Amino acid sequence: MDTGGLTLRGLTRAPGTARPLIGVTTSEIRKAETVSPTPEGEPPRHEMALGLTYMKAVEVAGGVPVVIPPMDTGLVGTLLDRLDGVCLSGGPDLHPDHYGQEPHEQLGPTAPDLDRFELEIARRADVKGMPVLAICRGMQALNVSRGGNLLQHIPDRWLEIEHRQRMPGQAASHRVDLDPSSRVSRIVGSPVIAVNSFHHQAVDQVGAGLVATGWAPDGATEAIEDPDRDFLIGVQWHAELMVDQPEQYALF
């Protein structure tokens, strides 16, 4: 099986047990004018973009990834009834309208309608008690869905670490110190983890029922979770790009 360079690890699923269906959100739109089709391809149109590494990470961990495109929010309940868990993926900035702030001058491109859909997915999955792994923007969306807000531009507060690294995503650029009693720390098996970094926003005020459980050396929040839930976790780094490492794989 082609796993895109990821190594299958021993799965302990009982014979005949169905693999869980894990929905992965898409949160990035490529506008038609930026798409360069081949002469044999379809005409340019707006497209959704999602890195294949998310799906491969879910697959090698034993799940069946299901890509969630934006749709009418009235269909979210029907969709979630058919899923066993949700991965909120990375992507562009969330619009600050969703947490009651004015846009920062360094705010990147946003898609408020797409934000609303992903926030609805986060809220409804949360209410249903579904397992949720939220990555990068996904962690920020999870926080906002619980009433928290974001620091729109990290350099306004912290300058010690380059939070948008220039190295490949498979390379770690800084460490994260984890609360040793947290679920994230227990999952990865250590109170410290080396991570990559591709963001310029961060969780500021933590949402209701969530706690910060991981921090970069400069103090930026890098992990959040609901301690009263079996699995409602957000990590700021792109664990799907580092899933060949046991501690990152463990999150999936």
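**Group meeting: a walk through the strands, a helix and a pocket**

Okay, let's start with strand S5, where both faces are covered: Gly85 and Cys87 sit on one side, Val86 and Leu88 on the other, and all of them are buried. Before I go on, please keep in mind that this is a predicted model. As general background, side chains in a regular strand alternate between the two faces of the sheet.

So who are the neighbours of S5? Strand S1, residues 21-25, pairs with S5 in the parallel sense, over 3 bridges. If you want one contact to click on, take Gly23, whose bridge partner in S5 is Val86. Then there's S6, which runs parallel to S5 and is joined to S5 by 3 bridges. Here the pair to look for is Leu88, standing opposite Ala134 in S6.

Let's keep walking across. S6 covers residues 132-135, and S6 pairs with S13 in the parallel sense over 4 bridges. Ile135 has Val235 as its bridge partner in S13.

Now S13 itself, residues 232-235. Which way do its residues point? Leu232 and Gly234 go one way, Ile233 and Val235 go the other, and all of them are buried.

S13 has another partner too. Strand S12, residues 221-225, is joined to S13 by 3 bridges, and these two run antiparallel. Glu225 stands opposite Ile233 in S13. How many residues sit between S12 and S13 in their hairpin? There are 6.

While we're at Glu225, there's a distance I'd like to show you. Gly207 and Glu225 are 18 residues apart in sequence, and their C-alpha atoms are 10.0 Å apart in space. You'll find Gly207 in the loop between strand S10, 202-203, and strand S11, 211-215. Is Gly207 buried or exposed? Its relative accessible area is 4%, so it counts as buried.

Next, let's go back to the end of S6 and step off it. Cys136 is in the loop between S6 and H4. What's worth a look here is the backbone: Cys136 has a positive phi of about 55°, although it is not a glycine. Cys136 is also buried, because its relative accessible area is 4%.

Right after that comes helix H4, residues 137-145, and this one is mostly covered, with 9 of its 9 residues buried. The buried residues include Arg137, Gln140 and Asn143, along with Met139, Leu142 and Val144. Following H4 there's Gly147, with a positive phi near 90°.

Since we've met a couple of cysteines, let me deal with disulfides. In general, a disulfide is a covalent bond between the sulfur atoms of two cysteines. The count in this model comes to 0 disulfides. As for Cys87, back in S5, its relative accessibility is 3%, so it counts as buried.

Aromatic rings next. The count of aromatic pairs is also 0. There is a charge over a ring, though: Arg157 lies over the face of Trp158, at 5.3 Å from the ring centre.

Let's look at a pocket now. The second largest pocket has a volume of about 380 Å³. It is lined by 19 residues, and the closest to its centre are Ile22, Pro131, Phe231, Leu251 and Phe252. Our strands turn up here again: S5 and S6 each supply at least two residues of the lining. Which strand gives the most to that lining? That's S5, with 3 residues.

One more stop, over in helix H1, residues 52-60, where you'll find Ala57. Ala57 has a relative accessible area of 0%, so it is buried. Along the chain, Ala57 and Met242 are 185 residues apart, while their C-alpha atoms are separated by 9.2 Å.

To pull the strand part together before you open the model: S1 pairs with S5 in the parallel sense, S5 runs parallel to S6, S6 pairs with S13 in the parallel sense, and S12 and S13 run antiparallel. If you'd like a place to begin, go to S5, with its two covered faces, and work your way along to S13, where the residues on both sides are buried as well. That's my tour, thanks for listening.

Definitions and conventions: Residues numbered from 1 in each chain as written. Predicted model: local features only at pLDDT ≥ 70, side-chain atom pairs only at ≥ 80, totals over all residues. Heavy atoms only, no water. Buried < 20%, exposed > 50% of the residue type's maximum accessible area, 1.4 Å probe, protein only. Pairing = 2+ DSSP bridges. Phe/Tyr/Trp six-rings, centres within 6.5 Å; stacked < 30°, edge-to-face > 60°. Lys NZ or Arg CZ within 6 Å of the ring centre and 35° of its normal. Disulfide = S-S within 2.5 Å. 1 Å grid on protein atoms, 1.4 Å probe; cavity = no way out; pocket = protein on both sides within 12 Å on 5 of 7 lines; lining within 4 Å. Points joined across faces, edges and corners; volume = space filled by probe spheres on them.
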